[in-house]
Amino acid sequence: MRIRIQVITEADQEATPARVEEVACFERGSLSPETLGLQLDEAKQLLAGVQQIMTAQQVEEYVEQQRQCSHCQQPLACKGHHQIGLRTLFGKVTLASPRFYTCSCQPHQKRSWSPVAALFCERSTPELLCQEVRWASLLPYGVTVKLLGDLLPMEHQLSTSTISRHVHQVAERLESELGDEQSSFIEGCPDQWYKLPEPAAPLVVSLDGGYVHARSKESRKDGSFEVIVGKSTTGEGATTRFGLVSGYDTKPRRRLFEIFRAQGLQMNQAITFLTDGGDTVRDLTEGHSPQSSHILDWFHITMRLTVLGQMAKGVSVEQKGEKFEEELERVKWFLWHSNVYKALQLLEWLELDVDVQASPEARKLARTLHEFEQYIRANQSSIPNYGDRYRNGEAISSAVAESSVNQMISKRFVKKQQMRWTKQGAHLLLQIRTRVLDDTLAAAFQRWYPGMETGEPHQEPTLAAS
Ligand SMILES: [Zn+2]
């Protein structure tokens, strides 16, 4: 049998006859599992064909509307016929783009203009842009090109450099909506804060630092630079992720503040910051609320203690002292109950017990113990009574199933060791990736292109520029 597929276009005016154009014709013989319905190549050909016809007809109608002066309704003379190429999710289409002389009834800067070229100045449809950058934030650029090209009729219209350019373009647009940086976003005075309505439950904000490989040799130290990622969670459990490249981002505080504001932060509301205790992340916790507190994430304490415990297994009792493991458990217990003094004392004793001359393993254990002790000492003002907090249902750790760092950085940025990034490239891609993970990228596109259908129920938190 032969299956013919046609596009029938009906104009709004009933008098105009409908137009019929054939898109494809498929032959089918005897039925088998592999000949049932459409095949991928046919579907791609079909989509591309429909797209070319639809776009040509829509553009034709648009050109008709632009053909007369919008003031005096006089027909405009045509200066020439041109074509423009436009990338769409369903293939690259060629559109007729006539050039008209402007009407002399009004003053104009130019003598002629091309309405179609002016309307499609970006030369990629918003939907294509959105899908490109969305997948590019989840997969390497090369895989993104392959994926979109395999499933959609867009062979040869995408390349890794196009994708990289579009990621930058979209991310820069998001970045341009962010207001100016300030050293503090605390507004008003205690009298005013007191009169505010009853605040919602504290915002819990986790902040972590991670490292990605640098492409340039500008950071000679170890060929990597620091990326900060985190998420802010409301009492109701709504989460917004964020990420930035420290030292590159000029508005880190504003970035966080806009997220808190979109989550309804008021000046009498508490914010609990959970961090890994690093200097750059701690610095970011300042200036957001008079009610903010900083806590060393319990996850980072237990993680380091686990590493110490494993390291101790490779060192004999004679070299590390008796009851090392039990004592390490006591350190954990002291820290859990905010008894930093006892924990530090015990850590010092443990360190003294290790015979550093005995073996490289013992030396390493002593060094790691010392680093842990320094770490606790530097963060002692941020070690609360975790036990009490835990019993009261208050946040002590952000690491539920996997850490933010792993979710936001490792999976896309460092999984392959050969992947190297510029600060700008990593920062901009993070702006897309955090929104894709939050399901808010499509909402941003909808704000820029109000006619766009996204099919996503999620609402973007209002990120108003101010
Ligand atoms: Zn006119």
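**Figure 1. R123 in the loop between α2 and α3 of the predicted model**. R123 has a relative accessible area of 33%, so the residue is partly exposed. The loop that holds R123 follows α2, residues 115-119, and leads to α3. The backbone of R123 has a phi near 65 degrees, a positive value in a residue other than glycine.

**Figure 2. Q73 in the loop between α1 and β3**. Phi of Q73 is near 65 degrees. Q73 is not a glycine, and its phi is nonetheless positive. The residue belongs to the loop that joins α1 to β3.

**Figure 3. The zinc site**. Four cysteines, C69, C72, C103 and C105, coordinate the zinc ion. Each donates through its SG atom, at 2.3 Å. Angles among the four donor atoms run from 103 to 117 degrees, and the site is tetrahedral. Along the sequence the donor residues follow the spacing C-x2-C-x30-C-x1-C. Two of the donors can be set side by side for accessibility. C69 has 6% relative accessibility and therefore counts as buried, the cut-off being under 20%. C72, at 30%, counts as partly exposed.

**Figure 4. The largest pocket and its lining**. The pocket holds about 760 Å³ of space. Its lining is made up of 25 residues, and those closest to the centre are Q58, L86, F120, T125 and P126. Three elements each supply at least two lining residues: α1 (40-66), β3 (78-88) and α3 (126-138). Helix α1 gives the largest share, with seven residues. Sorted by class, the lining has 13 nonpolar residues, seven polar residues and five charged residues.

**Figure 5. T55 and its contact with Q51**. T55 is a residue of helix α1. Its relative accessibility is 11%, so T55 counts as buried. A polar atom of the T55 side chain lies 2.7 Å from the backbone oxygen of Q51. The helix that holds T55 is also the element with the largest share of the lining of the largest pocket.

**Figure 6. A18 and L265, a pair separated by 56 Å**. A18 is found in the loop between β1, residues 2-9, and β2, residues 19-27. With a relative accessible area of 41%, A18 is partly exposed. A18 and L265 are 247 residues apart along the chain, and the distance of 56 Å is taken between their C-alpha atoms.

**Figure 7. T368 in helix α13, shown with T160**. Helix α13 spans residues 360-378 and includes T368. T368 has 16% relative accessibility; this value is under 20%, so the residue counts as buried. From C-alpha to C-alpha, T368 and T160 are 43 Å apart in space. In sequence, 208 residues separate the two.

**Figure 8. L350 in helix α12, shown with Q39**. L350 belongs to helix α12, which covers residues 340-353. L350 counts as buried, at 3% relative accessibility. The C-alpha atom of L350 is 69 Å from that of Q39, with the two residues 311 apart along the chain.

**Figure 9. Q380 after helix α13, shown with P252**. Q380 sits in the loop that connects α13 to α14, the latter comprising residues 386-391. The relative accessibility of Q380 is 39%, and Q380 therefore counts as partly exposed. Between the C-alpha atoms of Q380 and P252 the distance is 25 Å. The two residues are 128 residues apart along the chain.

Note on methods:
Residues numbered from 1 in each chain as written. Predicted model: local features only at pLDDT ≥ 70, side-chain atom pairs only at ≥ 80, totals over all residues. Heavy atoms only, no water. 1 Å grid on protein atoms, 1.4 Å probe; cavity = no way out; pocket = protein on both sides within 12 Å on 5 of 7 lines; lining within 4 Å. Points joined across faces, edges and corners; volume = space filled by probe spheres on them. Helix = DSSP H or I, 4+ residues; strand = E, 2+ residues; numbered from the N terminus. Nonpolar A, V, L, I, M, F, W, Y, C, P; charged D, E, K, R; others polar. Buried < 20%, exposed > 50% of the residue type's maximum accessible area, 1.4 Å probe, protein only. Donors = N, O, S within 2.8 Å, 3.2 Å for Na, K, Ca; no water. Tetrahedral: all angles 85-135°; square planar, octahedral: opposite > 155°, others 65-115°. Polar contact = N/O pair within 3.5 Å; in protein donor to acceptor, adjacent residues only side chain to side chain.
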